[in-house]
Amino acid sequence: MAGQEIDGLDRLVAELQDEANRAAQEVYSPVVIEHALQPRNLGSIPEPDGLAIVRGPCGDTMAVFLRLDSTRIEQATFLTDGCGPTLACGSMLTTMIQGLSLEEASAVEPADLIKALGGLPPENVHCAVLAVTTLQQAVAHRLKDEAGTSDKTGEENHP
Ligand code: FES
């Protein structure tokens, strides 16, 4: 009896998952879905060379951590409490900037990220803007550190 209930529950969960997957495929590109389900570079870096934490207009937050090898980005990671597309944005952006100089990384624009993701629906463009803004703040934080003027937090709200 209990086994049948568990089977039924498992089937219901599987059906709901299938339905959610079909709905997501109608809205998001395969690249977005793949990066949202299996985000790369998710996590923090202890004592990073660059760090920023930015809250977007939707109230979600992203953090970007940078480890530098002289002037190049050796490792970039991120954390977010945001939506699936934000996970995809952080994943793709941190992948795109590996090996770039700080100047090259800060030149990446939301449109570049959206293109790499195979597009985003208009209501998720702000997720890409949040990711890119956080990266730019992490780079700025690093440059302030080099100049000896950093406040060491790198945290701010993004209007
Ligand atoms: Fe807030 Fe995506 S909905 S960052």
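# A guided tour of the model

Start by selecting R55, which lies in strand β1. Strands here are DSSP E runs of at least two residues and helices are H or I runs of at least four, both numbered from the N terminus. Before you go on, note that this is a predicted model, in which local features need pLDDT of at least 70, side-chain atom pairs count only at pLDDT 80 or more, and totals for chains, interfaces and linings use all residues. Residues are numbered from 1 along each chain as its sequence is written.

**Stop 1: around R55**

Is R55 buried, exposed or partly exposed? R55 counts as partly exposed because it has 17 C-beta neighbours inside 10 Å. The scale works like this: 20 or more other C-beta atoms within 10 Å make a residue buried, 12 or fewer make it exposed, and anything in between is partly exposed, with C-beta atoms placed from the backbone. Now add G82 to your selection: it is 27 residues from R55 along the chain, and their C-alpha atoms are separated by 9.7 Å. Then pick T61 in β2, the bridge partner of R55.

**Stop 2: the strands**

Keep β1 and β2 selected. They run antiparallel and are joined by 6 bridges; strands pair if DSSP finds at least two bridges between them. Another partnership to show is G50 with L66 in β2. These two strands form a hairpin with 5 residues between them, and G59 in its turn has a positive phi of about 95°.

Next, bring in β3. It runs antiparallel to β2, with 8 bridges joining the two. Select F65 and you will find T77 of β3 standing opposite. The β2 and β3 hairpin has 2 residues between its strands, and S70 in the turn takes a positive phi of about 50°.

**Stop 3: the loop before β1**

Move to the loop between α2 and β1, where you can select N41 and E47. N41 is not a glycine, yet it has a positive phi of about 60°. E47, also a residue other than glycine, has a positive phi near 45°. Which of the categories, buried or exposed, applies to N41? N41 is buried, with 20 other C-beta atoms within 10 Å. E47 counts as exposed, with 7 C-beta neighbours inside 10 Å.

**Stop 4: T86 in helix α3**

Select T86, which is found in helix α3. T86 is buried, since 25 other C-beta atoms lie within 10 Å. Setting aside residues up to four places away in sequence, T86 touches D60, M62, T80, C127, L130 and A131. A contact here means that two C-beta atoms, placed from the backbone, lie within 7 Å. Measure across to F65 in your viewer: the C-alpha atoms of T86 and F65 are separated by 16 Å, with their positions 21 residues apart along the chain.

**Stop 5: the nonpolar core**

Now colour V64, C89, L93, L113, A128, A131 and L135. Of the 34 residues in the largest nonpolar core, these touch the most other members. Such a core is a set of buried Ala, Val, Leu, Ile, Met, Phe, Trp, Tyr and Cys residues joined through C-beta atoms within 7 Å. Elements that each supply at least two residues of this core include β2 (61-69), α3 (84-96) and α5 (110-116). The one that gives the most is α6, with 8 residues.

Zoom in on L113. Leaving aside neighbours within four places in sequence, L113 is in contact with C89, M92, L93, V108, A128, A131 and V132.

**Stop 6: helix α6**

Select α6, residues 125-147. How far apart are its end C-alpha atoms? They are 33 Å apart, which agrees with the 33 Å that its 23 residues should span at 1.5 Å a residue; the expected span is 1.5 Å times one less than the number of residues. Just after α6, G148 takes a positive phi of about 75°.

**Last stop: the whole protein**

Zoom out. There are 6 helices and 4 strands in the protein, running α-α-β-β-β-α-α-α-α-β from the N terminus on. The C-alpha trace spans about 70 × 30 × 30 Å along its principal axes. Buried residues make up 35% of the 159 residues.

To finish, colour by domain: the assignment gives domain 1 (2-29) and domain 2 (33-157), with bounds that come from an automatic or database domain assignment. Their C-alpha centres lie 32 Å apart. Where they meet, 5 residues of domain 1 are in contact with 6 residues of domain 2.
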